[in-house]
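Biologist: Please pick one part of this structure and take me through it slowly, as I am new to reading models. After that, carry on to other places that you would show a first-year student.

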Amino acid sequence: MDTMEQNPVHEDDYVPDELEPSPIHEEYAPVIFAQDTISHVISIDVLSGKEDRENVLRARESGKGVLTAPFRLLKTNRLGVILTFAVYKRDLPSNATPNERIQATDGYLGGVFEIESLVEKLLQQLASKQTVLVNVYDTTNQTHSIPMYGSDVSGDEFYHVSFLNFGDPFRKHEMHCRFKQKPPFPRLATGTSIGILVIALLVGHIFHATVSRIAKVEDDYQEMMVLKKRAEAADVAKSQFLATVSHEIRTPMNGVLGMMNMLMDTDLDVTQQEYVRTAQGSGKALVSIINEVLDQAKIESGKIELEAVLFDIRSIMDDVLSLFSEKSQGKGVELAVYVSDQVPQQLIGDPGRFRQIITNLMGNSIKFTDKGHIFVTIHLVEEVFHSIEVERESTSKDAEHTLSGFPVADGRRSWEGFRAFSHEGPLGSFSSTSSNDLISLIVSVEDTGDGIPLESQPMIFTPFMQVGPSISRKHGGTGIGLSISKCLVGLMNGEIGFVSEPKIGSTFTFTAVFTNACPNSNELKTQQINNQPHPATSEFNGMAALVIDPRPVRAEVSRYHIQRLGVRVEIVSDLKQGLSTVTDGDASVNMILIEQEVWDRDSSISSHFVNNIRKVVEIDKGKGIPPKLFILVNSSSSFRAGSTASCLHNPTVVTKPLRASMLAASLQRAMGVGNKGNPRNGEHQGLSLKHLLSGRKILIVDDNSVNRTVAAGALKKYGAGVVCVSSGIEAITMLRPPHQFDACFMDIQMPEMDGFEATRRIREIENSVKDRELFVHLPILAMTADVMQATHQECSKCGMDGYVSKPFEAEQLYREVSKFFQSS
Amino acid sequence: MYSVAQLVEYTSSLFQQGFLDDQFNQLQLLQDESNPNFVVEVVTLFFEDAEKLLNQLEKEIGQENNIDFKRVDALVHQLKGSSSSIGAQRVQRVCIAFKNYCEEKNVEGCFKSLQDIKQEYTLVKTKFETLFKMEQQIFAAGGSAPR
């Protein structure tokens with residue numbers, strides 16, 4: 001069949017009313033059969049319409065299904081398409097030419113599809129929740145797409161494009177789907193998102209804040225570490241600085257003090273001496289301040305160590321006493337030290353530091369006390385612990401029973417709180433001392449001073465704290481002393497405490513632990529003394545003394561000091577009792593020590609006493625030497641000796657505080673037994689000795705060359721002419737009259753012939769001089785190192801005129817020599 | 001080269017340690033222009049004396065079972081006397097203890113005391129020698145030792 005040109009027929013032109021019988025054509029394609037629904041198309045020439053014609057022709061050429069463009073259908077006027085198939089007479093191979101196909105065409109098959117219902121039916125099957133609007137287009141002509149189904153649509157909404165393939169390659173169809181309704185505002189999603197976002201932001205913020213805070217804290221920490229290091233370094237530097245500077249200051253200071261000491265030894269008049277003494281005092285104060293500051297620095301850097309050496313606590317107390325005796329005498333305050341018998345003679349510990357603590361406490365007491373007493377006691381802790389109730393009740397509560405009669409703060413309260421005394425402490429379950437090598441001492445410093453105000457009491461051990469600004473002005477000092485003492489006490493495994501009542505007084509107490517150096521000598525004092533000879537003790541061993549003092553505490557202190565010299569002591573409380581003891585007792589009393597207040601009480605009783613003592617001696621010759629009288633005074637200025645001026649035996653004044661060595665010196669002097677005394681008065685004696693001895697010719701007899709030389713040197717210094725011989729026999733030869741000697745100093749213990757024998761012979765020779773006019777009694781003085789040996793009796797028996805000690809002691813020498821020489 | 005300050009310090013230390021006592025001061029006071037070497041002379045005498053005595057003591061004590069306590073006592077008495085004359089305090093003290101042991105006829109004690117005396121003597125001799133050397137140097141250098 002031939003294809004023919006056909007006028008384009010617009011779809012709208014296909015109006016059913018205008019259908020007419022078809023004109024004559026070469027070819028016709030009438031509809032022969034049709035479904036009932038479209039029965040109206042029967043007998044219409046399909047080739048008449050343009051579209052249809054094209055369709056048909058294409059179908060028969062291609063052998064495939066062909067779709068028309070959508071157009072309005074005849075009857076319904078609804079959009080639709082027609083699918084046309086060509087039916088062939090026979091099977092054609094797939095590569096058949098279009099001509100062959102045209103030739104083989106037998107007829108056509110057409111299907112009418114209404115798009116709308118088609119799509120709707122399809123869509124119904126696929127209905128979803130959301131209402132979907134579908135638009136189907138025939139897009140064969142790109143620029144002009146023919147809508148096949150669907151309502152008009154606004155162009156800018158979101159739609160989904162799907163391609164439809166009905167099987168006709170010539171035609172293209174598209175389906176546009178879109179939601180009918182605009183999507184609702186996704187409130188939940190947005191809200192949730194915003195919520196999450198906010199939360200995320202917050203969390204992020206928290207993290208950030210935490211991290212930055214951590215970073216900041218770390219930075220601060222680093223800064224602090226740096227600052228801390230700097231502070232520590234500064235502290236160390238400060239301590240080092242203190243130590244260095246103090247050391248540097250100390251060295252020249254010591255030089256200054258040393259020079260002043262040497263200056264003191266040269267010839268100075270009184271004013272100059274006064275000046276030097278003042279300078280010395282200031283210098284010493286300065287040195288002690290420097291030492292305190294150094295100690296403080298050492299304590300802070302923890303560098304203090306305690307020594308462990310042997311020391312005698314009693315001699316340390318003597319030293320401390322001598323430090324303070326002047327000041328206390330000047331203030332009229334009675335100073336006393338008592339060490340219990342149970343405290344061993346020797347201990348192992350650090351004496352210097354112990355002394356420091358005691359000096360500090362006593363120094364404080366002296367500063368703040370103007371009346372009454374300062375009483376230092378040292379006991380074993382066990383003594384105090386066991387005798388808590390018994391002793392103290394009777395002594396401390398009653399004002400009468402204190403050392404000076406002034407009331408004191410209750411000392412017990414200062415140590416009651418010590419750990420050592422509680423039941424858990426080491427003494428709670430205490431066994432005997434002897435099993436333990438450690439000795440715990442408890443030391444108390446009791447004074448009747450101003451006391452410490454209650455508000456200052458808690459801070460008293462704090463360094464650099466002083467009770468008030470006025471105190472530091474009035475008394476000086478740096479305020480470190482007590483804190484150093486506390487630290488030292490701690491180092492000695494002790495505790496320190498105090499009790500203080502304003503206007504009444506204070507008592508400071510501390511404990512300290514030492515090692516016992518002589519574990520087996522808890523017994524007799526005398527044994528100890530023999531083992532450790534105090535130079536004076538051997539001389540007084542076996543003597544007896546009587547102490548007259550109404551105050552038991554004070555009397556005990558006196559007894560303690562006198563006993564240290566080996567002298568037995570008895571205590572009575574007034575002169576009458578004293579007299580009866582001397583007269584009635586069996587043993588002879590060698591010395592009587594009377595407290596000043598007893599002596600001053602009634603001068604008539606005192607003189608009566610003195611006279612009676614002498615009478616006793618005279619009556620009972622067996623007693624020998626009358627007991628020497630001593631008056632114990634607090635300060636020499638306050639003593640009036642006027643009342644006893646009439647007596648021949650002037651009592652010797654002994655100034656308190658009592659110290660063993662000083663006491664021994666006084667006793668020796670008074671008893672006529674010389675020894676190394678106090679050379680303070682040496683100047684005075686020296687001058688007078690010069691007057692006595694210059695120009696005299698003196699013979700010295702001693703077998704020991706050293707002693708000879710020294711004695712000779714001493715006498716030569718006083719201007720005497722000296723000759724030395726080394727034996728008694730030589731002496732006799734030298735002293736055969738006539739001789740030029742004015743005096744002779746004779747050693748006693750010599751080999752071959754001792755001093756006594758020599759003197760006896762010399763006296764015999766003297767006495768044998770026929771001519772009385774030529775009679776010469778040569779003053780012969782014994783030189784002896786041993787007091788006991790040369791008693792007065794022995795010497796006078798053999799004709800000696802006196803004795804002096806070896807080596808010479810100026811005072812004693814003067815005394816003896818002045819007996820037979822007058823000042824020239 | 002020693003300085004005066006060092007000498008002073010050394011001397012004070014000897015006093016502090018108990019080697020010397022006040023008698024030594026007195027000795028020094030006895031030295032003057034008319035007697036310029038008094039101290040050295042006396043101390044030298046002491047050395048000679050002490051060494052002789054110590055030798056004799058050794059001999060006596062060495063007899064162990066047959067100690068003649070009286071003789072020992074007499075020798076120690078001599079040493080005590082001379083040491084106290086020059087102020088050698090520690091030597092003197094040991095002598096006193098020695099004498100006590102002699103009185104008690106305590107052999108052990110005597111042995112010990114002899115050792116102590118020898119030790120103390122040696123110590124004090126060394127100290128004196130050092131002291132004199134220092135003084136000599138200072139003097140030679142034109143200074144003068146303080147008294």
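Modeller: Happy to! Let's begin in chain B with F47(B), which belongs to helix α3, a helix covering residues 38–62 of that chain. Keep in mind as we go that this is a predicted model. F47(B) has a relative accessible area of 10%, so it counts as buried, because buried means under 20%. Now look for K125(B): although it is 78 residues away from F47(B) along the chain, the C-alpha atoms of the two are separated by 7.4 Å.

Staying in chain B, find K105(B) in the loop that links α5 (89–104) to α6 (107–140). Its phi is near 55°, a positive value in a residue that is not glycine. K105(B) has a relative accessible area of 53%, so it is exposed, because the cut-off for exposed is over 50%.

Chain A offers a lysine to set beside it. K503(A) sits in the loop between β14 (496–501) and β15 (505–516), and its phi, near 75°, is also positive in a residue other than glycine. With a relative accessible area of 71%, K503(A) is exposed.

Next, turn to the strands of chain A. Strand β21 (residues 697–701) runs parallel to strand β22 (residues 721–725), and five bridges pair them. One place to see this pairing is L699(A), whose bridge partner in β22(A) is V723(A). Add helix α21 of chain A, residues 705–717, and you have a right-handed β-α-β unit made by β21(A), the helix and β22(A).

Further along chain A is strand β23, residues 743–747, where you will find D747(A). The UniProt record, an unreviewed entry, places the feature "modified residue: 4-aspartylphosphate" at D747(A). In this model D747(A) has 2% relative accessibility, so it counts as buried.

For a last stop, go to the surface of chain A. There F113(A), L118(A), L122(A) and F166(A) make a nonpolar patch of about 320 Å². Of these residues, L118(A) belongs to helix α3 of chain A, which covers residues 115–125. L118(A) has a relative accessibility of 30%, so it counts as partly exposed.

To recap with three residues you can click on: F47(B) is buried, L118(A) is partly exposed, and K503(A) is exposed.

Notes. Residues are numbered from 1 along each chain as its sequence is written. Chains are lettered from A and ligands numbered from 1 in the order in which they are written. This is a predicted model: local features need pLDDT of at least 70, side-chain atom pairs count only at pLDDT 80 or more; totals for chains, interfaces and linings use all residues. Side-chain values use heavy atoms; hydrogens and water are left out. Patches are made of residues with over 30% relative accessible area and no salt bridge: like charges are joined within 9 Å, nonpolar side chains (Val, Leu, Ile, Met, Phe, Trp, Tyr) within 5 Å. Accessible areas come from the Shrake-Rupley method with a 1.4 Å probe; for residues, only the protein chains shown count as cover. A salt bridge is a side-chain nitrogen of Lys or Arg within 4 Å of a carboxyl oxygen of Asp or Glu. Helices (H or I, at least four residues) and strands (E, at least two) are DSSP runs, numbered from the N terminus. Buried means under 20% relative accessible area, exposed over 50%, partly exposed in between (1.4 Å probe, protein chains only). Two strands pair if DSSP finds at least two bridges between them. A crossover is right-handed if, with the strands pointing away from the viewer, the path from the first strand over the helix to the second runs clockwise. UniProt positions are given in the numbering used here, feature names are shortened, and annotations may be inferred rather than shown by experiment.
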